[in-house]
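Got the model open in your viewer? Let's take a walk through it together, one region at a time.

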Amino acid sequence: MRTLLKNVHNLHNNEWTNLIVEGKTIKGFTSEEPAVDRIIDGEGRVVVPGFVDVHIHLREPGAEAKETIETGTNAAARGGFTTVCAMPNTRPVPDSEENLKALQEKIRTKASVRVLPYASITTRQLGQELTDMLVLKKQGAFAFTDDGVGVQSAGMMLEAMKLAASLNMAVVAHCEDNSLIQDGVMHKGERNKELGLPGIPSICESVQIARDVLLAEATGCHYHVCHVSTKESVRVIRDAKRAGIPVTAEVTPHHLLLTEDDIPGDNAMFKMNPPLRAQEDQLALIEGLEDGTIDFIATDHAPHTQEEKEGGFFNAPFGIVGLETAFSLLYTYFVKKGRWTLQQLVDWMSYKPARVFGLPFGTLFEGAPADLVLLDLEATRKINTQEFASKGKNTPFDGWNITGMPVLTMVDGEVIWKGVEAHETTTHS
Ligand SMILES: [Zn+2]
């Protein structure tokens, strides 16, 4: 089937043009109107490669009250994401061929966007025993991670990296030294003192990253740091990159947009791990992203139920959702404000994550998979969690004014989501 995406704005040359999709593949841009099987009117909107999020939690199997593969991938589609990588902290953990196979089967029948599942580094993510990485790689694991917990022993991490390096696979790490957490629930800084809540010190993260970049140097393993949150972590990663160590890193929209000072009180919508840090950390993250120390943006979409999040900082679980607000928030608060170009933001959300992990997505070149999103840059709205496709309504951004939103998402040449109301309710600011 040939599809013509008519009248779209191509960011690369700033021209309004048509895009041809043949089957599952991009055929290229054209000013002509060739004979096709289907025409989709792009209505002048910007066409960009579908976003790639290498860090999301789908919760299925095991915690379907929070999210399912179906609701999580529908949320991804609405957010303009065409590929998402699912973290392995599910029950069971995808730590064996059998568990990973069962997960892939669920994905095959229920997911509306591409889902690439991680496998764990250690059995049941307990940090005690390495998984059979060779078997898991053959079965199609995207990479290895124990996200949610740091691998505590340097010896275990060394063995994991040796094995992963021999298989040409990445080790992806949530960095947290348990001996330094101090039972904290938010950043150990100023705000936690005001609120009388125990703090998580920055060194809890940066110390483990410092350890791991040296292990990556020793093993040659591609080591990817999840959700960097502190200025010290940025410095360690910058130095490691200068030394030629194969380290890459991601940052979340919430760490770019918020600090501990934004936490209004004992409200668990602001509780996530790593926590919102100080303003100097936020600035270091923004600069780190801009100078290439941090490679790209990932949401750490972490849905929880309303009841769970009502527990306050002491009792609620860590994590917020992000898939349905990431692009709009970053477009509104960084691109519209003139700090970044739209091309930069799109690169950090599609091209860069795809390149870092060797995925064939993130471009609109001829021959690339037809994964794309149309963006309406004029549409304005207030974030309303009740409109989310995700089961998780846990976000600190409810009620924020945003401009710019995905209005059509295509995966493999198929339109998997179209925001009809968005076309009709477009308002100009
Ligand atoms: Zn994590």
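What follows goes from the sheet to the metal site, then on to some backbone oddities and the cavities.

Keep in mind as you look around that this is a predicted model. A good place to get your bearings is the open sheet of 5 strands, which has the order E9-E10-E13-E14-E15 and parallel pairing. At its edges sit E9 and E15, each of which pairs on one side only.

Now zoom in on E14, which covers residues 247-251. How many of its residues are buried? The count is 5 of 5, so the strand is mostly covered, with buried meaning under 20% relative accessible area. In a regular strand, side chains alternate between the two faces of the sheet. You can follow the two sides of E14 here: Val 247, Ala 249 and Val 251 are on one, Thr 248 and Glu 250 are on the other, and all of them are buried. Both faces of the strand are covered, then, and that includes the spot where Glu 250 sits.

Who are the neighbours of E14? With E13, the strand pairs in the parallel sense over 3 bridges. If you want to find the register by eye, look for Tyr 223, whose bridge partner in E14 is Val 247, and then for Val 225, whose bridge partner is Ala 249. To get from E13 to E14 the chain passes through H7, and this β-α-β crossover is right-handed. With E15 (residues 296-297), E14 shares 2 bridges, and those two strands also run parallel. There you'll see Val 251 standing opposite Ile 297.

Next stop, the metal. Which residues hold the zinc ion on the protein side? The donors are Asp 147 through OD, His 174 through ND1 and His 227 through NE2, and they lie 2.0 to 2.3 Å from the ion. Along the chain, these donors follow the spacing D-x26-H-x52-H. Asp 147 comes from the loop between strand E9 (144-145) and helix H4 (154-166), while His 227 comes from the loop between strand E13 (223-225) and helix H7 (231-242), so this pair ties together parts that are 80 residues apart in sequence. Are these two donors buried or exposed? Asp 147 has 2% relative accessibility, so it counts as buried. His 227 is also at 2% and counts as buried too.

On to the backbone, where a few spots are worth clicking on. A cis peptide bond joins Glu 60 and Pro 61, with omega at about 5°. Pro 61 belongs to the loop between strand E6 (51-56) and helix H1 (69-78). Another cis peptide bond joins Arg 91 and Pro 92, this time with omega at about 0°. Here the proline is in the loop between strand E7 (81-86) and helix H2 (97-110).

Two residues have a positive phi although they aren't glycines. One of them is Gln 182, at about 60°, in the loop between strands E10 (171-173) and E11 (186-187). The other is Asp 300, at about 55°, in the loop between E15 and helix H10 (306-309). Their surroundings are worth checking as well: Gln 182 has 47% relative accessibility and therefore counts as partly exposed, whereas Asp 300 has 10% and counts as buried.

Last, the empty spaces. A search of the whole structure turns up 4 cavities of 30 Å³ or more. The largest cavity holds about 70 Å³ of space. It is lined by 15 residues, and the closest to its centre are Cys 175, Glu 176, Glu 205, Asn 273 and Pro 274. Helix H6 (residues 203-219) gives the largest share of that lining, with 3 residues. By class, the lining has 9 nonpolar, 3 polar and 3 charged residues.

The second largest cavity holds about 60 Å³. Its lining includes Pro 253, His 254, Thr 299, Ile 320 and Phe 397. Helices H8 (253-257) and H12 (326-335) are the elements that give two or more residues to this lining. What is its make-up by class? There are 6 nonpolar and 4 polar residues, and no charged ones.

Definitions and conventions
Residues are numbered from 1 along each chain as its sequence is written. Side-chain values use heavy atoms; hydrogens and water are left out. Donors are N, O and S atoms within 2.8 Å of the metal (3.2 Å for Na, K and Ca); water is not among the atoms, so sites may look incomplete. Helices (H or I, at least four residues) and strands (E, at least two) are DSSP runs, numbered from the N terminus. Buried means under 20% relative accessible area, exposed over 50%, partly exposed in between (1.4 Å probe, protein chains only). Two strands pair if DSSP finds at least two bridges between them. A crossover is right-handed if, with the strands pointing away from the viewer, the path from the first strand over the helix to the second runs clockwise. On a 1 Å grid over the protein atoms alone, a cavity is a set of points where a 1.4 Å probe fits but cannot get out, and a pocket is an open set with protein on both sides within 12 Å along at least five of seven lines; lining residues have an atom within 4 Å of a point. Grid points are joined across faces, edges and corners, and a volume is the space filled by probe spheres set on the points. Ala, Val, Leu, Ile, Met, Phe, Trp, Tyr, Cys and Pro count as nonpolar, Asp, Glu, Lys and Arg as charged, and the others, Gly among them, as polar.
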